[in-house]
Amino acid sequence: MKSKGESSASLPAPKSEGLAGVVVADTNMSFIDGEKGVLKYCGYSIEDLAANSTFEEIVYLLYRRELPNKEKAEEMIQTIGDARKLPSEVVKSIDSLAGKTSPMSLLRTVVSIIGHFEESVKLENLPDKALRLIGQIGTAVAMIDRKRNGLEYVKSDSKREHADDFIRMLTGNEPTEIQIKALNQYLVLLADHGFNASTFSARVTAGTLANLHAATTSAMGTLSGPLHGGANERAMNMILDVGTPEKAAEFVKECIEKKQRIMGFGHRVYKVDDPRAPILKSMSKKIWEEKGDMTLFETAEAIEREVKTAKPGLITNVDFYSATLLYGIGVPPDLFTPLFAMSRVAGWTAHTIEQYGNNRLIRPRARYVGATDRTYVPIDKR
Ligand SMILES: CC(C)(COP(=O)(O)OP(=O)(O)OC[C@H]1O[C@@H](n2cnc3c(N)ncnc32)[C@H](O)[C@@H]1OP(=O)(O)O)[C@@H](O)C(=O)NCCC(=O)NCCS
């Protein structure tokens with residue numbers, strides 16, 4: 001339907017603040033039922049996918065809307081593995097900026113710089129370009145952390161799965177089976193989620209026919225905010241500050257009295273617990289059991305219990321137990337949002353391709369509520 005050309009002052013008031021509940025486009029990737037707590041990718045339940053699939057299979061699924069067979073899944077591991085290399089100019093920018101700005105700001109810049117080294121391509125070749133970006137972001141996150149800590153870079157190993165190779169490139173150590181499984185589940189669970197704020201940004205940018213790296217850079221900026229991708233870092237810092245399960249009750253009481261937001265709780269779409277949260281909770285528990293120290297995990301559980309008692313309607317979202325899972329693997333809190341980007345880039349790029357495939361410029365209206373008909377006063381008379 002074409003829009004009408006009314007004046008912005010005669011437009012009706014927004015139906016909801018923040019576009020809550022407004023349907024902006026069709027997608028055939030994520031199905032979300034916020035009332036029942038259901039999430040599916042292309043018809044497959046998130047529980048089945050998290051338990052059985054690799055991140056590479058999910059990338060294939062989001063790009064092609066079907067799960068790969070064994071051979072295709074192996075090809076995908078190789079393709080993303082081969083892509084875990086960065087142009088030398090990009091490495092130079094990490095060399096010069098790591099430690100001087102936040103990892104998330106630098107990663108956003110890195111994505112933008114990578115765009116300079118990609119030729120513009122036809123729509124049918126876009127998935128190759130997008131797959132390269134998925135591999136490159138993983139390497140960039142690991143390199144940013146190692147450089148700022150004065151450590152040598154660890155060369156990527158294209159034969160390994162993304163989760164496995166990332167932990168190795170980040171820590172320099174051979175990851176355990178549980179660590180690989182945990183990170184893989186995290187990457188699977190965060191890969192797509194309908195029109196969340198960052199994906200919407202990517203689609204708005206793609207809707208102007210700007211290129212894939214421009215769309216991904218927009219998405220990265222949007223993800224960085226504390227009400228979206230930045231929540232997991234803050235959730236972890238909160239759990240660390242609380243420190244022990246016994247201090248959880250007092251902490252939550254104080255937050256509620258001061259009307260402070262508790263990070264990792266609440267969601268725009270889910271009215272019952274986010275279906276990703278219990279999966280991450282159970283995997284996170286395994287990580288801490290392997291480490292032989294349950295204090296932080298039990299502190300998180302105690303905070304969750306207190307929040308549910310004090311505010312029964314406030315649901316646990318994906319960020320809360322993402323925090324304990326990532327920290328347990330050895331990821332520092334200020335790298336959490338870059339890791340979110342490392343997963344969500346699968347969804348952003350798939351949505352960008354979906355947008356190009358059936359594009360119309362996304363350009364809503366704002367109702368004008370300011371002064372009208374004022375008399376212009378020359379500057380020396382104001
Ligand atoms: C995610 C979030 C931005 C959704 O926001 P929203 O749909 O716009 O919901 P609102 O901000 O209107 O919140 C509705 C009510 O719940 C309360 N609320 C929402 N999240 C809350 C939280 N994390 N802690 C305490 N109260 C919260 C609000 O204060 C508000 O209460 P009020 O009606 O008494 O004023 C919000 O829940 C939030 O800020 N959560 C913390 C950040 C976070 O974890 N983000 C990651 C999301 S996956």
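A residue counts as buried here if 20 or more other C-beta atoms lie within 10 Å of its own. I am working on a predicted model.

**Entry 1: helix H7**

I started with H7, residues 162-171. How many of its residues are buried? I find 8 of 10, so I note H7 as mostly covered. The buried residues are His-162, Ala-163, Asp-164, Asp-165, Phe-166, Ile-167, Met-169 and Leu-170. Next I asked what covers them. The cover includes H2 (55-64), H3 (70-82) and H6 (126-148). It also includes H8 (177-189) and H15 (318-329). I then checked the backbone at the end of the helix. Just after H7, Gly-172 takes a positive phi of about 80°.

**Entry 2: Phe-55**

H2 is among the helices covering H7, and Phe-55 lies in H2. Is Phe-55 buried or exposed? It has 28 C-beta neighbours inside 10 Å, so I log it as buried. I listed its contacts, leaving out residues up to four places away in sequence. Phe-55 touches His-162 and Ala-163, both among the buried residues of H7. It also touches Asn-184, Leu-187 and Val-188. I checked one of these pairs for separation. Phe-55 and Asn-184 are 129 residues apart along the chain. Their C-alpha atoms are separated by 6.0 Å.

**Entry 3: H3 against H6**

Both H3 and H6 appear in the cover of H7, so I looked at how they meet each other. Their axes come within 7 Å. The crossing angle is roughly 65°. I therefore file H3 and H6 as roughly perpendicular to each other. Their crossing is right-handed. Which residues of H3 and H6 meet? On the H3 side I have Thr-79, Ile-80 and Gly-81. On the H6 side I have Leu-131, Ile-134 and Gly-135. By class, the residues of this contact are 3 nonpolar, 3 polar and no charged.

**Entry 4: H9 against H10**

I moved on to H9 (residues 197-207) and H10 (residues 212-223). At what angle do H9 and H10 pack? The angle is about 150°, and the axes are 7 Å apart. The pair is therefore roughly antiparallel. H9 passes H10 in a right-handed crossing. From H9, the contact is made by Ala-197, Ser-198, Thr-199, Ser-201, Ala-202, Thr-205 and Ala-206. From H10, it is made by Ala-214, Ala-215, Thr-216, Ser-218, Ala-219, Thr-222 and Leu-223. I sorted the contact by class: 7 nonpolar, 7 polar and no charged.

I then checked the burial of H9. Of its 11 residues, 8 are buried, so H9 is largely enclosed by the rest of the structure. The buried residues are Ser-198, Thr-199, Ser-201, Ala-202, Arg-203, Val-204, Thr-205 and Ala-206. What covers them includes H10 and H16 (336-357). Just after H9, Leu-209 takes a positive phi of about 70°.

**Entry 5: Ile-239**

Ile-239 lies in H11, residues 231-242. I count 26 other C-beta atoms within 10 Å of it, so Ile-239 is buried. What is Ile-239 in contact with, leaving aside neighbours within four places in sequence? I find Leu-296, Thr-299, Ala-300, Ile-303, Ala-323 and Thr-324. I also looked up its separation from Ser-16. The two are 223 residues apart in sequence. In space they are 33 Å apart, C-alpha to C-alpha.

**Entry 6: positive phi outside glycine**

I looked up Leu-19 and Lys-259. Leu-19 has a positive phi of about 55° although it is not a glycine. It is found in the segment before strand E1 (30-33). With 15 other C-beta atoms within 10 Å, Leu-19 is partly exposed.

Lys-259 also has a positive phi of about 55°, and it is not a glycine either. Where does Lys-259 lie? It lies in the loop between H12 (248-257) and H13 (276-291). Lys-259 has 6 other C-beta atoms within 10 Å, so I log it as exposed.

**Entry 7: the ligand**

Last, I looked at the residues around the ligand. There are 15 of them. Which come nearest? They are Ala-231, Ile-262, Phe-265, Gly-266 and Arg-268. By class, the shell has 7 nonpolar, 5 polar and 3 charged residues.

Conventions: Residues numbered from 1 in each chain as written. Predicted model: local features only at pLDDT ≥ 70, side-chain atom pairs only at ≥ 80, totals over all residues. Buried ≥ 20, exposed ≤ 12 C-beta atoms within 10 Å, placed from the backbone. Helix = DSSP H or I, 4+ residues; strand = E, 2+ residues; numbered from the N terminus. Contact = placed C-beta atoms within 7 Å. Axes fitted to C-alpha atoms, helices over the stretch in contact; angles between N-to-C directions. Parallel < 35°, antiparallel > 145°, perpendicular 65-115°, else oblique. Left-handed = near helix turned anticlockwise from the far one by under 90°. Nonpolar A, V, L, I, M, F, W, Y, C, P; charged D, E, K, R; others polar. Near = placed C-beta within 6 Å.
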